[in-house]
Structure formats: C-alpha cells, structure tokens
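Dear colleague,

Please find below the structure I promised to pass on to you. My notes follow it, with the terms explained as they come up.

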Amino acid sequence: MCRVLPNSRPARTLERLGAFLIVCGSLMAAPPPRVVAAEPTKQPNILFIFSDDHAYQAISAYNDPRKLIETPNIDRIATEGMRFDRCVVPNSICGPSRATVLTGKYSHANGFYNNSGSRFDGSQTTVAKLLKGAGYQTAVVGKWHLVSDPTGFDYWHILPGQGVYYNPPMIDNGTRVKHEGYTTDIITDLTIDWLKKRDKSKPFLMMSQHKAPHREWAPALRHLGHDNDRNYPAPATLFDDYAGRGKAEHDQDMTIAKTMTAKDLKFEAPPQLTPDQRQAWDAYYAPRNQAFEKADLKGDDLVRWKYNRYMHDYLACIKAVDESVGRLLKYLEDEGLAENTIVVYAADQGFYLGEHGWFDKRWIFEESLRTPFMVRWPGVTKPGSVNTDLVSNLDFAETFLEAAGQPVPAEMQGKSLVSVLKGRTPEDWRKSFYYHYYEYPGPHNVRRHYGVVTDRYKLVRFYGPDVDEWELFDLKEDPQELRSVHGQAGYTEIQKELEQELARLRKELNVTEQDPPESVIRPATPKAAAKKQAR
Ligand code: CA
C-alpha cells in the first residue's frame, strides 16, 4: 500500500531539496520539484543560545516600559531576524523546559516533570540525535541540568547540576575539569573553541547554554556597579496583596519581601571566589551593605531596597550574556558563517522581576509562561519582523528538523516554525495552548496547576490534597492578572468554551486524568535528594 507522508512538513522540505520521495516501500523518482530552488539548499548551521531564567522584560528589544537594561547584541538577533512576542512554555521550570526543547514533547510525554527528582531518559529520541543522524555535528556547552549524561552530542562540556558562577567545575565529555573565571565567559570561550575545531565539512548544531541569570544572580566582577547605583522603577504590582485570587497565590513562597536569602541579597559571598576575586566583590558590596545596615529600613522601604539590589545583580548577569552573544555573532561573521547559520536566542522560561512582589517562575501567568525568543535566519526570515502567534519551545525541535530538511517524528507534540519564520503562519496555527506545572510540594510552594491559554484568556485549575480551585483571567480587561473572573456574570459562555478546549487539549496530548504516582513524578533516589539539595 502506498504510504502518504503524514503531513506537509517533510513534503515541503523534500521539495526544497529537490530530493526523492520514498513510497510503496521502494525508491521512486518524485515528480519534478514544484518549487524553484530560490532558497539555500545547504543545510543551515544552528546556533542555539539559551539562557536560564532570562525575563523578556530584561531584553531591550522587548521594550519593557521600565527600560531596565540595554542588550544591544541580543537585540541584533531580533532586528536582523524575527522577535516572538508570545512564545510560551509547557511547564515553567528549568529542567522540564530543557527536556521539552530536546524532545519536542510535554513533561508527561518525555518523563521529566520537575527539578526535584526527575532524571532525563537519554535513550529517547531528541533533536540532537536526529540531526546527528542527518550528518550534523552536534554539541552542547554549559548548563544541562537533566541529571543523566547528554546523549546525541559529539561534544558535551557541561556544568554539573545547577553549576556555579565563578571558577566552575565542569564535565568535558564525561571527565571532570575545573575552569577559572566567570562561568558565562567560559561557556562562550568553550563554544567558540569547539566551533574552531569542528569538522568544517559538516553543518553544526551548537547549543550554547548559560547558567546566567539564574539565582543567586552573581555578576561578573567587571559588571559590579554597572548601573551607578540606579534606583530602578518598580513594577505596578510590587506590593500585590493577591486579593481576587485563591489559595495558590496566597500560599506561595517566592516574594522579594519574605523569601530572598542572605545569599540572594549578597550578604554572603560565594565560596568559589579566589582571594583576589573576593577583594573585588567586597569592594563593591561591603560599603553598600554597611550603609544598608545603618539605614535600618522597614516595611515597603525594605522591599524596595531588596528589589533594587536584585535588579543590580540580575541585570549585571545579563550584561555578560549580552556580551557573549556579541562575541558569538562576531565569530560567525569573521568566519563567513553568518549567512548560513540560524541563530536563536531563548531562555528556558520567563521570570518575575518584582511583578506580584515575586522573583522566580513556575506560574501560568504571563511573566513566567512567556519566554524570550528570537531567530535570525538570513535569506529566509525578514529582518525586523515581529510575530505574535502562540508559539512555544515545544516547537524548537520540529523547527530545527525541518530547517535541516529532516522529517518531524509524529510523536513530537509541537509544530515546526519554518513557515512562520518565512512570514507565512499557516491558517490552522494553534489558537490555544496547554500548560501543566507539577513541582509541588517543592521550593517556593507553588501549587500544581494546569490550564489553557489563548490570546485573551486563561483558564486554570490549581489542585492537590488540600486545594481544588479554578481561576479565569481576561488579559484584555486585566493584563496584570490581578482578578479571577471565574464563575462571574458575563464570563459564562467563554468559561464553558475554555473548559471544552482544555478537555480537548488534554485528550489530544494524552494527559492522564490523574497525575502519575509520586514514584514516577518524583523518584526518591539518593541522587534526586542530592540534586534537590544542590538546586
Ligand atoms: Ca530556568
């Protein structure tokens, strides 16, 4: 029986390559290609620059009204390519997001649910393995955070666990090594070193993955004082009292006011600093900490001081990431690689920069649901374009595969963005997205929840042994998500529609009615316990 290729993705790719279709179990010449080869026929290189917890509010290309920072190098990827304004994640936390990028699957399908016990099953299909099989040289450098060793990479040089900011131990293809310097710079050095020595006859996939700007937001010493003691504008919701929302928002433990530690606030220095580095650290922090002690701040003033310290440190970390992006773009240009390299910048999820009084991530709410995402693909993506479609990091693997002329496995749950990157979003593009967070009990005490997101609404269920609450948000009327309108007059119809859509998505994605047992979601191994300690 003749087999029709499952969808248009591989067919389009084959047209582009002028290749042959395999049908009826034997090789047959395809009909003449219908598309004139106006596009590059060479498989593009893919440089995937990935940071950890980088909020879109802290990238100047996203035009946050607070104007927190200038990121000229990251912005170049947007101005020379496409900026995505609603790239959402299926589960807003580090490890699960990374597992999604590699597999194109939700947490329940790739088995990596949370940072408190999950271990990535490296035997499953990943974009790295598929591209390697298609002739790519594959590499990952920097933060990995999936517990098991990387598979599918010709070269891997990763931070163990969460990693540290200064003089980091790393694992070079299985061998433990020690580096001196600032981790963001080292990851970029290693990325460039590998690019220099790679097999130049092959296209490459390089995943250059930063620890920064993850907690505890420790800057490069050259960036201490980068903001000249700026007084940062606070978000409108810094003193949110969570009225109009339920138990989950009231019970969380992720506020700037109450949750930040002495390490977060730089009253303790990282133990990895050398004596010289420690001197530079103290030269910046010690006098400011003394002034703080003397001021004896209380209440809202104390929260504002903490917010300001947080912004200094967090944004300083991003300055080093931005410099790294600049170095990588320059390398591509110097080597004549820029034209045939897709450059992606993304983070593993969004982050709160004081909105709702919070830092951290986890929630279905916008700041953590959305992640920055921009792509430069010369000759394919129109420079300076902005996309507002509902896209996801669930789509990255599929996109890289199609860009490389490879079929997308049917088991992957996202969609290739190649058409979108060409400025031609398919008419049947998704209008809703399923979200599911599992790490409870866990750090920051954010309840398990799942929900459906559209361009305007969010319907969410918080659940667990002592909570079962629904909330509904109308982003048009309430863009800061301060008031659930679940069960309220005027929302009956849309609530019903969203309930149906949520049920449809759960069925389509094979989400089980009940969560899998704890032994699956959070296997209680000594290694998991150690990892939890280190996270
Ligand atoms: Ca993260």
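**Backbone and calcium site**

Asn 173 is placed in the loop between β8 (169–172) and β9 (175–178), where helices (H or I, at least four residues) and strands (E, at least two) are DSSP runs, numbered from the N terminus. Before going further, please note that this is a predicted model, in which local features need pLDDT of at least 70 and side-chain atom pairs count only at pLDDT 80 or more, while totals for chains, interfaces and linings use all residues. Residues are numbered from 1 along each chain as its sequence is written, and side-chain values use heavy atoms, with hydrogens and water left out.

Asn 173 has a positive phi, near 45°, in a residue other than glycine, and it is partly exposed, with a relative accessible area of 36%; here buried means under 20% relative accessible area, exposed over 50%, and partly exposed in between (1.4 Å probe, protein chains only). Trp 217, which is not a glycine either, has a positive phi of about 55°, but Trp 217 is buried, with a relative accessible area of 0%. Most residues other than glycine have a negative phi, and most peptide bonds are trans.

Trp 217 lies in the loop between β10 and α7, and Pro 213 is found in the loop between β10 (204–209) and α7 (247–251). A cis peptide bond, with omega about -5°, joins Ala 212 to Pro 213. The bond from Tyr 440 to Pro 441 is also cis, with omega near -5°, and Pro 441 sits in the loop between β15 (433–437) and β16 (448–453).

Which residues coordinate the calcium ion? The donors come from Asp 52 (OD), Asp 53 (OD), Cys 94 (SG), Asp 348 (OD, listed twice) and Gln 349 (OE1), at 2.2 to 2.7 Å. Donors are N, O and S atoms within 2.8 Å of the metal (3.2 Å for Na, K and Ca), and water is not among the atoms, so sites may look incomplete. The 6 donor atoms subtend angles of 52 to 160°, which makes the arrangement irregular; four donors count as tetrahedral if all angles lie between 85 and 135 degrees, four count as square planar and six as octahedral if opposite donors are over 155 degrees apart and all others between 65 and 115, and anything else is irregular.

Asp 53 lies in the loop between β3 (45–51) and α2 (72–79), and Asp 348 in the loop between β11 (341–347) and α10 (366–369), so the pair ties together parts that are 295 residues apart in sequence. Both Asp 53 and Asp 348 are buried.

With best wishes
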